[in-house]
Structures are given as structure tokens and as C-alpha cells.
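Here are some worked exercises to help you read a structure with your own eyes. Try each task before you look at the solution.

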Amino acid sequence: MSSPFAEMIPLLAMVGAFAAMTFAFKLPVSISLVGAAILGALVAGQGVPLRHLVEGTLGYLDTLLIIATAMIFMRTIQASGLLDTIAHHLITAFERRPASLLVLMMLFAMSAGMITGSSTAAVLTTGAIVAPAFMALGIPKNKTGAIIAMAGILGMIAPPVNIPVMIIGGGVDMPYIGFGLPLLILTLPLAVAIVLFLGLKSVRATSIDRSLLPLSYHRQYGWKLYLPLVMLIVLIVLERAFPRIVPSFGMPLVFMISALVAPWTGRKMNPWTVARDAVQAALPVMAILAGVGMFLQIMALTGGRGFIVSLLIGLPLGLLYLSIAVSMPLFGAVSAYGSASILGVPFVLALLGTNEIIVASALSLIAAMGDLMPPTALAGLFAAKVVEQPNYTQVLSHCLIPAGITVGVSLGYMATAGFWDRFLFWDNRLALYGILLGSIGLVCMSILMLDHWVLRHRRESVGAQL
Amino acid sequence: MTPQRKYGTWWTALFLLLLVGGVLLIVSHDFLAMRVDLPIYPGLGVTSTAMLSDYFAPLKGTAADTMAYILQGDEPGGTAFVLGGTHPNEPASSLAAIVLIESARVTRGRLVVIPRANRSAFTCSEPQEGYPQTYTIETANGSREFRYGSRGTNPVDQWPDPVIYINAAGQSLAGSEVRNLNRSYPGSPDGNLTEQLAYAIVELIRQEDVDMAIDLHEASPEYPVINAIVAHEDALNIAAEAAMFLEFEGMQIGVERSPDNLRGLSHREWGDATDTLALLVEAPNPAQGRLRGRTSVELIVEGIDPFYVRAAQRGLLYVPFFEAGHPIDERVGRHLQTIAMLLEVYNEYTDKGVVVVDVPTLSSVLEHGVGAFLLQPNTTNATN
């Protein structure tokens with residue numbers, strides 16, 4: 001029997017080759033991933049396994065199509081004037097309630113993720129809609145990018161659709177039942193805290209300059225301006241609401257149909273140019289994903305994946321938590337779904353004996369943090385594109401503290417799974433819902449008080465300037 | 001406006017296009033090869049064959065239509081059904097069914113065997129798992145190849161996956177499970193291809209009046225339900241008694257009751273939708289696991305993996321795992337002995353018995369190798 005460390009050699013070769021090509025030879029990340037995968041296969045005595053390289057990439061076929069089409073959709077509704085119009089109306093409607101507006105826009109930004117289970121889709125749709133509004137409120141573009149990236153990730157984990165949890169559940173025969181409340185308890189307070197943490201200071205300091213507000217094209221084009229968005233929502237909701245009647249179109253087709261409507265609903269545009277620019281903008285990350293697919297396949301082929309997984313889940317409990325906190329987001333860099341499947345399932349099995357719903361919920365959120373992890377960093381990268389920041393690390397730097405808090409909260413949620421088990425699955429549902437409604441009421445009151453505090457602060461600032 | 005960066009010329013594009021085209025042309029040969037069914041050689045016990053589309057006509061001509069082998073005894077009796085190859089990445093399941101087709105005989109009642117339940121899933125590999133496309137079993141007359149496929153229906157036959165899959169039993173699952181046959185029961189006549197396949201299998205159970213139905217599987221060693229029989233509540237007594245007798249014979253096996261709230265699986269839906277006694281049998285396959293080392297034909301056939309040995313030492317597994325591993329001989333042997341014992345126990349409780357003879361035991365498969373119970377590659381009566 002060969003030593004387990006035999007699998008280390010190709011893995012080390014792959015990691016070393018990737019680092020050398022990326023940092024020493026300054027090659028694009030995607031090319032470095034392909035090169036590292038080929039080298040790993042050669043070192044493991046597999047030759048150049050073309051079939052494996054292509055098959056690895058095919059694992060991301062759906063994701064690649066979603067990225068390309070969501071990007072086209074986002075660029076077309078940007079060109080039609082829909083994004084500006086919605087941002088304009090959001091700000092004017094909630095001008096005197098800035099803290100409430102921040103929270104509402106955060107929840108709205110999350111909503112696409114909640115329905116589609118994809119942070120990319122959330123960032124490029126509802127995230128793109130609220131981004132101009134956040135910036136018009138005075139929040140710098142990098143922080144705005146961080147907010148919509150976090151919203152995309154939290155939306156992807158919030159119910160009703162949480163794909164990582166479904167993947168983990170599928171691996172341990174745990175049905176997707178009873179996750180609604182545990183996921184809401186985990187994600188909603190974090191969403192409120194994060195948007196206030198990232199946005200409140202900027203909103204407090206700045207009064208809205210109406211001349212800088214995005215323009216509204218509502219008067220010019222009327223209700224037809226909203227048609228692409230309505231089409232998107234209708235197609236998604238129809239499929240979810242009537243799964244046995246409405247066939248699955250698949251997210252790429254839904255985005256494409258909605259994008260195809262856009263050129264006839266608002267400002268004039270050249271759909272071909274818009275689509276071409278959108279795909280060009282998405283191309284680098286699509287190439288990285290293709291490379292990641294190859295890298296993963298060769299890791300599985302040569303045993304590098306098993307080496308990492310077996311090393312991580314064999315740690316004692318204290319270190320196990322640490323390894324969850326570090327390894328799941330790291331592995332999520334290649335794919336949050338992959339992290340949920342490859343690490344989430346063994347981690348749930350290693351933590352059996354406590355409430356698995358709470359554990360899987362927390363693990364799914366930690367895995368989702370991988371969408372902020374370079375080189376792919378899907379959420380951060382697309383958020384940067386939405387706010388037109390060419391260097392996505394500028395956006396990611398503002399995500400560091402929220403992401404750290406999120407991982408910490410998730411670990412705490414897991415460590416206190418016994419308490420949440422007794423509370424959330426309490427037989428006295430009336431008392432449970434009473435406590436939850438009371439808590440929501442308290443949060444709402446606090447946000448309303450924050451509104452007054454922000455406005456007072458603004459008035460005092462203006463007074464001081466006068 | 002930001003200046004456009006120039007990445008190359010039309011010639012660069014043409015070169016890259018030709019390069020990608022060339023690579024795809026080469027690998028398409030490998031991918032297309034998966035669509036050729038490798039032969040099965042029906043033994044003397046097989047009295048007739050049928051296609052699944054005989055039970056549900058719309059399946060005819062689709063990639064999901066698959067062959068059922070019928071072993072009819074001289075004496076009248078009941079009907080048993082063995083389903084292999086639900087998940088083609090669980091090779092002992094399909095191989096045990098093929099051994100029954102090529103070796104077993106029925107003296108009383110009838111045995112229906114499907115070795116490639118999800119035939120479409122045999123035509124592709126699971127992306128990012130690094131699986132080989134075939135594995136080899138040595139027989140007395142040379143090597144014989146078998147397909148190692150995917151857990152789900154080939155996306156070429158059924159695509160796209162929805163974001164979430166709500167199966168015919170109302171269970172919400174991750175979208176990719178839409179192509180998992182063992183999440184699609186009881187199926188739907190107007191559903192997607194996998195649901196139609198599930199429906200056709202349930203129709204076979206109904207139309208053939210199957211008394212006992214056994215679904216063969218394998219699981220990764222870190223999965224809690226392993227070396228086990230999962231039984232619908234109606235079949236729980238038979239499963240428990242069979243497990244007890246198997247323990248007496250030196251084969252450890254657990255019994256699990258089919259969960260009420262885990263819908264779409266064979267052991268739940270077959271039992272609920274029909275009068276059959278529904279059972280599912282699991283064996284340990286390290287090649288499926290997330291902790292496995294190098295993915296290779298040797299791992300599939302010999303079942304030896306140093307990572308799993310270490311994981312077992314740390315108490316992370318639900319099945320013992322030593323240096324000798326869990327070879328395919330052992331896994332197939334376990335399945336065969338479990339099937340034989342389930343039928344034996346069933347026969348004690350009914351007048352409609354099914355007596356199957358020449359089913360190799362675990363010890364005989366371990367002694368001679370599974371290849372000894374397969375017919376030879378030069379046999380002429382092969383079926384695809």
C-alpha cells in the first residue's frame with residue numbers, strides 16, 4: 001500500500017506551479033491553473049489527460065452560462081436606464097429614512113440570491129439595481145461593492161433556496177426541510193449589521209446632493225421600462241411556484257429572454273455591442289472557472305483532494321472549528337458549491353450528534369464566503385464590475401471585517417447548536433414566534449431611531465458649516 | 001470611457017479556435033465511446049428479456065430505455081426484482097446484477113434483473129471527480145471491461161437542471177438531483193427523462209406483480225448508512241431476520257428503516273406506490289468517497305486506500321477499513337449473499353416463493369474472484 005504522502009507530490013507540484021506562473025511569470029490566473037493541472041497530471045504519471053481537463057471544465061458549464069447571460073442582462077438594463085430609474089425612486093422615496101433605506105436596499109439586494117441560490121445572479125441583478133442608490137447616498141464605490149457582494153452571499157444562503165445546504169443535505173440524506181427559520185436567524189441579523197457597519201458612517205456624513213442623483217427615465221418611457229425586470233421575476237417565480245407545470249428554463253435562458261426584451265423598453269442601445277462588452281467583461285472570470293475545473297479534476301485524479309480533506313476532518317474538535325473557518329472559504333475560492341460538497345459533507349459527518357440542520361446551515365454560510373476568495377472571488381469580482389472598480393481587491397478589502405464577523409457568527413451558531421435546537425424547534429410555536437416577532441419589532445424600532453439620529457447629525461453638520 | 005485593451009488579432013483567434021477544436025475532436029472520441037453498451041452474456045437461467053419501454057412505451061428509443069433479464073423457474077411462484085446500476089459510479093451494484101444474469105438459475109417463481117437501471121448515466125462520467133471510464137475484471141478467459149459512469153443521467157439527455165428540484169413525491173432537493181434516479185421515484189409519466197425512467201421501473205414492479213424488490217447500491221465509507229439494508233416498513237421484519245442470519249454466517253450488516261420524510265428514494269416510494277416489499281442494499285466503495293486518494297481502476301477494483309485506513313483509525317468511518325481495503329469481489333459477494341438471504345427469508349413467509357440457485361456466496365466470490373462467475377468474453381450470445 002502506498003503512503004498517503006505519495007499524493008502530496010503532485011499536489012505540491014500543482015500549487016508550486018500555480019504560484020510560480022501567477023506571481024513569478026505574471027501569467028493570467030486562468031492560464032496558470034491550466035498549466036498547474038497539466039503539470040500535476042504529468043508528475044502523477046497520467047500524461048496530459050485531455051479528457052480529464054475538458055471534463056473538469058464541463059463541471060462549470062452551467063455556471064459559465066449563468067455568468068455570461070447574467071452579465072448581459074445587467075448591462076442591458078443599465079443601458080436602457082432601468083438601473084438609474086430604480087435607484088432614483090428608491091432614494092427619493094426614502095430620503096428622510098436613510099438607515100431604513102440602507103436596510104431595505106440590503107434586503108432587496110439579497111432577494112435575487114434568495115430566489116436563485118446564486119450570489120453572482122444576485123450581485124448582477126438586484127445588486128446592480130441598488131448600487132447606484134448606495135453611491136448616491138454618499139457611500140464610496142468600493143464600500144458599495146462590498147455591500148452588494150455581501151448581500152449576494154447572504155442572499156444565496158438565506159431561504160427559500162440555499163443550494164450549498166441542499167448539496168450538504170444530499171450527501172448525508174438530510175431532506176431540505178426545517179431550514180427556513182434557522183437560515184433566516186443566521187442571515188438576516190448579519191445582513192442588517194453589515195449594511196449598517198459599511199454604510200451608516202458615509203450616509204450620516206453626507207447629505208444627498210440631488211444633482212448627483214441617477215436620472216429617472218420613468219416619465220420618458222413609462223412602465224415598459226421595467227419590463228425586463230418584471231420578465232425576469234415572473235419567469236423565476238413561475239418556475240419556483242409551479243415546478244410540476246412550468247418547465248425548467250434554466251437560469252441562462254431566463255436571463256437571455258429578459259435581456260432580449262431590454263433594448264425595446266428604454267434608452268436606445270446597440271444590443272450587439274452591449275452583449276459583446278458584457279461577455280468581454282465576464283471573460284476573465286469565466287476563464288478562471290474553466291481553469292479551476294481542470295485543477296479540481298486533476299486534484300481528484302491524483303489524490304490531492306483526498307489528501308486535503310482527510311487531513312482537515314481528522315483534526316480534534318477545537319482545531320476542527322479552526323479548519324472549518326479557514327478551509328471552507330479557501331476551498332470556496334474554487335467554488336462555494338464545491339466547498340459545500342467536498343468539505344461540507346465530511347464536516348457535517350464529523351460533527352454528527354448535534355443538530356445537523358443548524359450545523360449544515362452554518363457550514364453553508366462559511367462555504368459561501370469562498371465567493372469572496374481570490375482568484376475567483378465571484379461575488380467580489382462582479383460587485384467590482386457593477387461599481388466600475390477595475391481592481392476588485394479594493395472591494396474585497398472592505399469585505400474582510402464583515403466576512404470575518406460572518407465566519408465567527410457561523411462558528412458560534414454551530415457551537416451553540418444545542419441551544420438553537422431547543423429554541424428553534426421548540427414545541428411551543430406560539431411562544432417561539434412571539435419572541436421572534438418581538439425581536440424583529442425591537443430591531444425595526446432601533447433602525448427608526450437610527451434614521452432620526454442620522455438626520456439630526458446631518459442637520460448639525462450643515463449648521464456647523466453655516 | 002476606458003480604453004479597449006487589445007488581446008490579439010484575428011489570426012490569434014483563429015489559432016486558438018483551431019486548437020480548441022482539435023482538442024475537442026480528440027476528446028469527443030473518448031466521450032462518444034462511453035455511449036457504446038459493453039456486452040452482457042445471459043446465462044442459461046435467463047429465459048427471456050424485455051425492454052423497460054415494454055412497461056412504459058414513451059421510453060422507447062430514448063437513452064433511458066434499458067434491458068430487463070427474466071429468469072423464469074419451472075415451478076410457479078412469486079416474483080423478485082433486482083435493480084443494479086441506479087448509480088453507475090457504484091460498480092458492485094451493476095456487477096452483482098450481471099453475475100445473477102450470467103450465473104444464477106431460478107427453479108421456482110421468477111427473477112427480473114435490470115443491471116443498467118440508469119443507462120444514460122453509464123454514458124458519461126461525473127465532472128471533477130477524475131473517474132476512469134471503465135474498469136477491468138479478470139476472468140478465466142481474459143480481461144473484461146465494465147463501464148464506470150456517473151451518479152446522474154447524462155446532461156446530454158436531460159438538461160438544464162433547475163435551481164431546485166421538487167420531485168414527484170414533493171421533496172425539495174438541490175437542482176442536480178433532478179438527474180438522480182434514486183431521488184425521482186415514484187416518477188412521472190410526463191416528467192423529465194429520469195422521472196419517466198423512475199415511473200417505468202415502478203410500472204414494471206406493478207405490471208410484473210413483483211413481491212420483493214431489491215435496489216443495489218454502494219456508498220462512501222464515511223457515509224453513515226453503509227453495509228446495511230434499508231427497508232420499507234412493510235419489509236422491515238424480513239430485512240431484520242435476513243441481517244441476523246447473515247451475521248450468523250459471518251457477514252456483518254445493519255438494518256435501517258426507510259425514513260418517512262426522505263422522499264423520492266426506492267425503498268420509500270416503491271413500498272408506498274406498489275404492493276412490493278421494498279429494500280435497498282449498500283456496500284462500501286472507497287472510490288466514491290471524498291477522502292479517497294488517487295482515483296484509479298485499481299481503487300475501484302481492489303478498494304485499497306491509505307487515506308481511508310487512516311480515517312478509520314481516527315474513528316471517522318462507519319465501516320471498518322484495513323490495509324486490505326474493500327475489493328469489488330467483497331462488495332459484489334456481499335450483495336449476492338444478501339439477495340440470496342432476503343429471498344430465503346421471504347420464502348419462509350409465503351407460498352409464492354422465489355427460489356434462485358447458483359448464486360455465489362461472499363466466501364466463494366472472495367475465494368475465486370468475481371470474474372469466475374462471469375461468462376467469457378468470447379461467448380456469442382451477448383446482449384447490449
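A residue counts as buried if 20 or more other C-beta atoms lie within 10 Å of its own, as exposed if there are 12 or fewer, and as partly exposed in between. Keep in mind that this is a predicted model.

**Exercise 1. A covered helix in chain B**

Task: find out which residues of α5(B) are buried, and what they pack against.

Solution:
- Step 1. Locate helix α5 of chain B at residues 266-273.
- Step 2. Apply the cut-off, and six of its eight residues turn out to be buried, so the helix is mostly covered.
- Step 3. Name them: S266(B), H267(B), R268(B), E269(B), W270(B) and G271(B).
- Step 4. Look around them. The buried residues of α5(B) have α3 (193-207), β9 (212-219), β10 (228-231) and β12 (277-284) of chain B as packing partners.

**Exercise 2. Two single residues**

Task: decide whether A312(B) is buried, exposed or partly exposed, then do the same for S172(B).

Solution:
- Step 1. Start with A312(B), which sits in helix α7 (residues 306-313) of chain B. Count its surroundings: 17 other C-beta atoms fall within 10 Å, so A312(B) is partly exposed.
- Step 2. List what A312(B) touches. Skipping residues up to four places away in sequence, you get L317(B), P320(B) and F321(B).
- Step 3. Turn to S172(B), part of strand β8 (residues 172-174) of chain B. S172(B) has 19 C-beta neighbours inside 10 Å, so this residue is partly exposed too.
- Step 4. Check the contacts of S172(B), again ignoring neighbours within four places in sequence: Y176(A), I164(B) and I166(B).
- Step 5. Now set sequence against space. A312(B) and E222(B) are 90 residues apart in sequence, with 8.9 Å between their C-alpha atoms. S172(B) and Q252(B) are 80 residues apart in sequence, but their C-alpha atoms are 34 Å apart.

**Exercise 3. Chain A as a whole**

Task: how does the radius of gyration of chain A relate to the globule rule?

Solution:
- Step 1. Take stock of the secondary structure: chain A has 22 helices and zero strands.
- Step 2. Chain A has a radius of gyration of 23 Å, close to the 23 Å that the globule rule gives for 466 residues, so the chain is as compact as a globular protein of that length.
- Step 3. Picture the box that the C-alpha atoms of chain A fill, taken along the principal axes: roughly 80 × 60 × 55 Å.
- Step 4. Look inside. Of the 466 residues, 54% count as buried. Among contacts in chain A with a separation of 6 or more, 81% come from residues 24 or more positions apart.

**Exercise 4. Three helix pairs in chain A**

Task: for each pair, work out how the two helices are oriented.

Solution:
- Step 1. α4 (residues 61-80) and α7 (residues 119-136) of chain A pack at about 5°, with axes 9 Å apart. An angle under 35 degrees counts as roughly parallel, so α4(A) is roughly parallel to α7(A). Their contact has nine nonpolar residues, three polar and no charged.
- Step 2. α12 (residues 227-241) and α13 (residues 251-261) of chain A pack at about 155°, with axes 8 Å apart. Over 145 degrees is the cut-off here, so α12(A) and α13(A) are roughly antiparallel. The crossing is right-handed. Here the contact divides into 10 nonpolar, one polar and no charged.
- Step 3. α3 (residues 50-58) and α14 (residues 271-302) of chain A pack at about 120°, with axes 7 Å apart. These two helices are therefore oblique to each other. α3(A) also passes α14(A) in a right-handed crossing.

**Exercise 5. Where the chains meet**

Task: which element of chain A gives the most to the side that touches chain B?

Solution:
- Step 1. Count both sides: 48 residues of chain A are in contact with 38 residues of chain B.
- Step 2. List the elements of chain A that give two or more residues: α3, α9 (163-171), α14, α15 (304-313) and α17 (336-350).
- Step 3. Pick the top one. α3(A) gives the most, with seven residues.
- Step 4. Sort the residues on this side of chain A: 25 are nonpolar, 17 polar and six charged.

Technical notes. Residues numbered from 1 in each chain as written. Chains lettered and ligands numbered in written order. Predicted model: local features only at pLDDT ≥ 70, side-chain atom pairs only at ≥ 80, totals over all residues. Axes fitted to C-alpha atoms, helices over the stretch in contact; angles between N-to-C directions. Helix = DSSP H or I, 4+ residues; strand = E, 2+ residues; numbered from the N terminus. Parallel < 35°, antiparallel > 145°, perpendicular 65-115°, else oblique. Left-handed = near helix turned anticlockwise from the far one by under 90°. Contact = placed C-beta atoms within 7 Å. Nonpolar A, V, L, I, M, F, W, Y, C, P; charged D, E, K, R; others polar. Rg over C-alpha atoms; globule rule 2.2 N^0.38 Å.
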